[in-house]
Every structure is written in C-alpha cells, then in structure tokens.
Amino acid sequence: VPKIEEFKDYNSVTFDKAELIKSVLNIVKCSKKDSTQPMLEAINIIVEEDSADIFALDGYRLGINVLECSSSVSATRLKDVLGDVALSDADVVELKSNGKYLLIQSGDINIFIREIEGALAPYKRLLTKSYLYEILVEKEEILGALNASMMATSKDNKLVRLIINPADSFIEFKSSGDIITDLVNEIDMTVKLAEEDNLKIAFNATYLVDLINNIKTKSVKMYFKDSLSPVYIENEDDEDLEKDSYLVLPIRISGV
C-alpha cells in the first residue's frame with residue numbers, strides 16, 4: 001500500500017459525501033456478486049469536468065447515477081461501498097488515483113482501495129434512445145403490480161410477463177407458479193410514443209423491483225424496443241434531482 005504523501009500531486013475529485021454514498025448504494029445492485037469476472041463486480045466512476053457517471057453492470061443490468069463534483073480525475077474503478085466514510089464528520093469526500101490504488105479521504109479518514117485492472121465497459125453504447133415505446137407509469141403502482149405478480153412465482157424463478165397495450169393505455173402483468181397457476185394484474189400508463197401493436201416482454205421481476213425502488217420521483221419513464229431488447233428506465237424529469245438511469249435485459253422465452 002503506498003503512502004498518503006505519494007498522492008499529494010495527483011489530480012483529485014471532490015464529492016458531497018452523502019450524495020456519493022447514496023449513489024453507490026443505488027447502483028451496487030447492478031454489480032456482479034462473485035469474482036469470476038472482476039470488471040463486472042466493479043463500481044466505476046467516470047469524471048468529466050463538473051459531473052461524474054457512477055455506474056455498474058453485471059451482464060443483465062446496468063445502473064448509472066450522475067453526480068456533481070469539482071476538479072477532475074482519470075477513470076477509476078471503485079470496488080467497495082463507501083460505508084466507512086460515513087463515519088467521518090466531514091461533508092465531502094475526495095478521491096485520488098495513481099492508476100493502481102484509489103485513495104479516499106474524508107476528514108481524518110483515509111482509505112486505500114486496490115483498483116480493478118481491465119478494460120472499461122463501453123457503457124454509453126448501451127444507452128441508445130432508439131426505442132419504439134415510451135411510457136410513463138406511477139412508481140408505486142408498478143412496484144405493487146410487480147410485487148403482487150412475484151407472489152405467484154417460485155423461489156428460484158421470478159419470471160413475470162408484461163404486455164404493453166398502447167391502444168388502451170395499460171400494462172398487463174402475468175405470472176404463474178406451482179400454487180397459483182395464473183395471476184394477472186393491470187396498471188394504467190401514459191403513452192408518449194408507441195407502435196400500434198401490443199408488446200409482450202418477460203423479465204426477472206426482482207431486477208425491476210430492485211432498480212425502480214431506487215428512483216426518487218413519483219413517476220417512472222420506461223422505454224421499450226422489442227421483446228428481446230433491454231428496457232431503459234429513468235426517473236421522471238425533475239430539476240432538483242440528478243438523473244438516475246437503469247437498463248435491464250429481458251428473459252428470452254418462447255411466445256412470451
């Protein structure tokens with residue numbers, strides 16, 4: 001482990017401590033939970049001038065939070081949640097990187113984390129907005145429908161089918177399991193852009209619930225293309241909130 005003095009002349013980036021910790025907690029759900037693919041268990045911080053993308057992806061999900069920051073630092077890989085930093089009395093967190101180690105400083109607390117080596121995932125390529133369906137749903141309504149649908153699924157299979165019906169402006173949720181053979185829920189939606197035909201798509205409902213729970217606005221924007229393409233989820237436009245964006249891959253099943 002290097003000495004703190006060695007980092008004195010490196011570029012640094014400063015975040016609001018509470019915002020950084022909240023952001024990391026929001027997107028850590030999208031990181032892989034085993035060490036077979038180190039780059040997929042990483043939390044990544046990409047700093048550009050006065051903002052930073054904090055993102056993680058595990059091959060099925062992608063989560064991005066955008067935070068304001070000051071100064072600049074090269075791309076770094078932050079592997080662990082910054083729980084210990086919360087013990088500091090300081091309001092800000094400063095990060096410094098030498099390309100091998102990341103130094104986290106907050107008040108009297110100094111933490112070194114070994115950076116994960118490897119190529120950075122091309123996450124921005126995944127954030128295309130070329131979708132055929134754009135809808136707006138109430139956060140509590142879609143969470144309620146997803147949680148109710150999971151009651152019919154088994155412990156190891158949380159598959160829920162969604163039918164996007166643009167003509168009648170509602171989403172139908174279908175699930176089944178060993179005890180309940182067919183459970184159907186419906187919620188209303190506001191259609192902003194849509195093809196004429198219904199869209200049928202299936203997801204691991206746990207993934208959707210985990211990510212939608214992180215969104216702080218009352219409504220959630222969802223973008224769909226087809227039954228095999230990822231769904232893009234973001235918070236409703238709010239000038240007082242940073243943009244939270246998530247991507248979830250559907251489950252490929254016959255007939256959906």
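This briefing walks through selected helices, strands and residues of one structure, topic by topic. The model is a predicted one, and the values quoted below were computed from it. Two elements receive particular attention: helix α2, which spans residues 139-150, and an open sheet of 4 strands on which this helix packs. The later points turn to the strands β10 and β18, each of which is largely enclosed by the rest of the structure, and to a few single residues.

**Helix α2**

- Helix α2 is built from 12 residues and reaches 17 Å from its first C-alpha to its last, which is close to the 16 Å expected at 1.5 Å a residue.
- The buried residues of α2 are Lys139, Ile142, Leu143, Ala145, Leu146, Ser149 and Met150. They cover an arc of only 165 degrees around the axis, and therefore they lie on the same side of α2.
- Several elements help to cover these buried residues, including the strands β10 (133-138), β11 (159-165), β12 (170-175), β13 (183-188) and β16 (219-224), together with the helix α3 (205-212).

**The open sheet of 4 strands**

- The strands of this open sheet follow the order β13-β12-β11-β15, and their pairing is antiparallel. Because β13 and β15 (199-204) stand at the edges with a single partner strand each, one side of each is left without a neighbour in the sheet.
- Neighbouring strands of this sheet are turned by 25 degrees against each other on average, when direction is ignored.
- Within the sheet, β11 and β12 pair in the antiparallel sense over 5 bridges, and Arg161 stands opposite Lys174 in β12.
- Helix α2 packs on the sheet by touching β11, β12 and β13, and its direction makes about 175 degrees with that of β13.
- Helix α3 also packs on the sheet, where it touches β11 and β15, and its direction makes about 85 degrees with that of β15.

**The loop residue Ser169**

- Ser169 is found in the loop between β11 and β12, and with a relative accessibility of 27% it counts as partly exposed.
- Most residues other than glycine have a negative phi. The phi of Ser169, in contrast, is near 55 degrees, a positive value in a residue other than glycine.

**Strand β10 and its partners**

- Of the 6 residues of β10, 5 are buried, so this strand is largely enclosed by the rest of the structure.
- Strand β10 is joined to β16 by 6 bridges, and the two run antiparallel; here Val137 stands opposite Val220 in β16.
- Strand β10 is also joined by 3 bridges to strand β14 (residues 190-193), again in an antiparallel arrangement, and in this pairing Leu136 stands opposite Thr190 in β14.

**The buried residue Val220**

- Val220 lies in strand β16, and it is buried, because its relative accessible area is 0% and the cut-off for buried is under 20%.
- Leaving aside residues up to four places away in sequence, Val220 touches Ile135, Leu136, Val137, Lys139, Ile212, Ile215, Ile233 and Glu234.
- Val220 and Glu68 are 152 residues apart in sequence, and their C-alpha atoms are 22 Å apart in space.

**Strand β18 and its partners**

- In strand β18 (residues 244-248), 5 of the 5 residues are buried, so the strand is largely enclosed by the rest of the structure.
- In a regular strand the side chains alternate between the two faces of the sheet. Both faces of β18 are covered, with Asp244, Tyr246 and Val248 buried on one side and Ser245 and Leu247 buried on the other.
- Strand β4 (residues 61-68) pairs with β18 in the antiparallel sense over 5 bridges, and the bridge partner of Gly63 in β18 is Tyr246.
- Strand β17 (residues 231-235) is joined to β18 by 4 bridges, and these strands run antiparallel; Glu234 stands opposite Ser245 in β18.

**Cysteines**

- Cys30 counts as buried at 0% relative accessibility, and Cys69 is buried as well, with a relative accessible area of 11%.
- The count of disulfides comes to 0, where a disulfide would need a pair of cysteine sulfur atoms within 2.5 Å.

Notes: Residues numbered from 1 in each chain as written. Predicted model: local features only at pLDDT ≥ 70, side-chain atom pairs only at ≥ 80, totals over all residues. Heavy atoms only, no water. Expected span 1.5 Å × (residues − 1). Buried < 20%, exposed > 50% of the residue type's maximum accessible area, 1.4 Å probe, protein only. Arc of directions from axis to C-beta. Contact = heavy atoms within 4.5 Å. Pairing = 2+ DSSP bridges. Axes fitted to C-alpha atoms, helices over the stretch in contact; angles between N-to-C directions.
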